[in-house]
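Thanks for making the time this morning. I would like to walk through one model with you, taking the charged pairs before the packing and the strands.

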Amino acid sequence: GVRIVRARVIDAQRYMSLLWKACECRGAVWQFRQISNIDEFYLQGEFDRVIFCGGASGLGNKLLGDQTSLIRGQSVKLHSVQQHNSLALLRGDYLCPLAEPPATYILGATRERISTFEHSLAYGVDSPHTLLTSHLQKAAFDMAPSTDFTPICATAGVRLDGPKTNFGRLPVLAVPKPGLIFAGALGSRGLLRHAQVGALAAELASLDLGAKFNEYIPLPLRLPPSSKAVSYT
């Protein structure tokens, strides 16, 4: 493995909360709506551009089709009964300290391929004991021995993985219809790739989205010469 001495562990929930506050300072407005079809926005002409960031939701998976895959991951929240440092361990599996409450960690995650987002909801969440003695048994043995940690609860989530490329699995931008942009399929690398994907999606929204963009655009990509965005190759 590789030890990065000055690496930092990001509390994802706190980060997302602060990120939204930064958006609000720039004039973003939050409106909560429940939609069953993206055409509710697209056909009514309410907006000039619609950027859909649906992640693993059913709508996102339907927009992108067979080139993506849904992966369900289960994790276990643990309490440390001994004093541990705040270093995170990543080895395919991971052990990550949480900011609050003190001495709590997340151990994960399983990798379960599923057919539909709705299908995942029917599974429920395995018990911590089941996970620690089956899917996460080796990870628990290597990184969170039972003498040091006690399980608190289990969590589950679903992510949308992008297509395989020569660069590995990467996020995608797709323009299934003129004026409609999909940005997503960040997989397990959302914190690493979200700023890049967001910048490119915003740049696409400023362009004339003709037939040339009416297809999958796996990242890295190179935008047209007229674009002012940074090119990724």
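**Salt bridges, core and sheet**

Let me begin with Arg159 and Asp161, whose side chains meet in a salt bridge with an N to O distance of 3.1 Å. Please keep in mind throughout that this is a predicted model. The two partners sit in unlike surroundings, since Arg159 has 22% relative accessibility and counts as partly exposed, while Asp161, at 4%, counts as buried. The pair also belongs to a wider arrangement, because Arg111, Arg159 and Asp161 are linked in a network of salt bridges, and here Asp161 is taken as buried because its 4% lies under the 20% cut-off.

How many salt bridges does the structure hold? The count is 4, and another of them joins the side chains of Glu112 and Arg72, with 2.9 Å from N to O. This pair links distant parts of the chain, with Glu112 in strand β6, residues 112-114, and Arg72 in strand β2, residues 69-80, the two being 40 residues apart. Are Glu112 and Arg72 buried or exposed? Glu112 counts as buried at 17% relative accessibility, and Arg72 counts as buried as well, at 3%.

The salt bridge between Lys138 and Asp142, again with 2.9 Å from N to O, has another setting: both residues lie in helix α6, residues 137-143, and they are 4 residues apart, about one turn of the helix. The general background is that an α-helix has 3.6 residues a turn, so residues three or four places apart point the same way. As for accessibility, Lys138 counts as exposed at 57%, and Asp142 counts as partly exposed at 37%.

Let me turn to the packing. The largest nonpolar core has 14 residues, and the members that touch the most other members are Val76, Leu78, Leu95, Leu107, Leu132, Ala144 and Phe149. Which elements each supply at least two residues of this core? They are β2, β5 (104-108), α5 (128-132), α6 and β7 (149-161), and the largest share, 3 residues, comes from α6. If you would like one residue to select in your viewer, I suggest Ala144, which, leaving aside its neighbours within four places in sequence, is in contact with Leu78, Leu95, Leu107, Ala139 and Phe149.

Next, the aromatic rings, for which the count comes to 3 pairs. In one of them, the rings of Trp20 and Trp30 have their centres 5.8 Å apart and their planes at 75°, so the pair is edge-to-face. Trp20 lies in helix α1, residues 12-25, and Trp30 in the loop between α1 and α2 (39-42), so this pair ties together parts that are 10 residues apart in sequence. Trp20 counts as partly exposed at 29% relative accessibility, whereas Trp30, with a relative accessible area of 62%, is exposed.

Another of the pairs is Tyr105 with Phe149, whose ring centres are 5.3 Å apart and whose planes stand at 90°, so this pair, too, is edge-to-face. Tyr105 lies in strand β5 and Phe149 in strand β7, so parts that are 44 residues apart in sequence are tied together here, and both residues are buried.

That brings us to β5 itself, where 5 of its 5 residues are buried. Both faces of the strand are covered, with Thr104, Ile106 and Gly108 on one side and Tyr105 and Leu107 on the other. What lies beside β5 in the sheet? β2 pairs with β5 in the antiparallel sense over 4 bridges, and in that pairing His79 stands opposite Thr104. Strand β4, residues 93-97, is also joined to β5 by 4 bridges and runs antiparallel to β5, with Ile106 as the bridge partner of Cys96. β4 and β5 form a hairpin with 6 residues between them, and in the turn Ala103 has a positive phi of about 65°.

Finally, a word on helix α7, residues 190-205, which has 16 residues and reaches 21 Å from its first C-alpha to its last, close to the 22 Å expected at 1.5 Å a residue. Within α7, the buried residues include Gln196, Val197, Leu200, Ala201, Glu203 and Leu204.

Terms used. Residues are numbered from 1 along each chain as its sequence is written. This is a predicted model: local features need pLDDT of at least 70, side-chain atom pairs count only at pLDDT 80 or more; totals for chains, interfaces and linings use all residues. Side-chain values use heavy atoms; hydrogens and water are left out. Buried means under 20% relative accessible area, exposed over 50%, partly exposed in between (1.4 Å probe, protein chains only). A nonpolar core is a set of buried Ala, Val, Leu, Ile, Met, Phe, Trp, Tyr and Cys residues joined through side-chain atoms within 4.5 Å. Contact means heavy atoms within 4.5 Å. Rings of Phe, Tyr and Trp (its six-membered ring) pair if their centres lie within 6.5 Å; planes under 30 degrees apart count as stacked, over 60 as edge-to-face and the rest as tilted. The expected span of a helix is 1.5 Å times one less than its number of residues. Two strands pair if DSSP finds at least two bridges between them.
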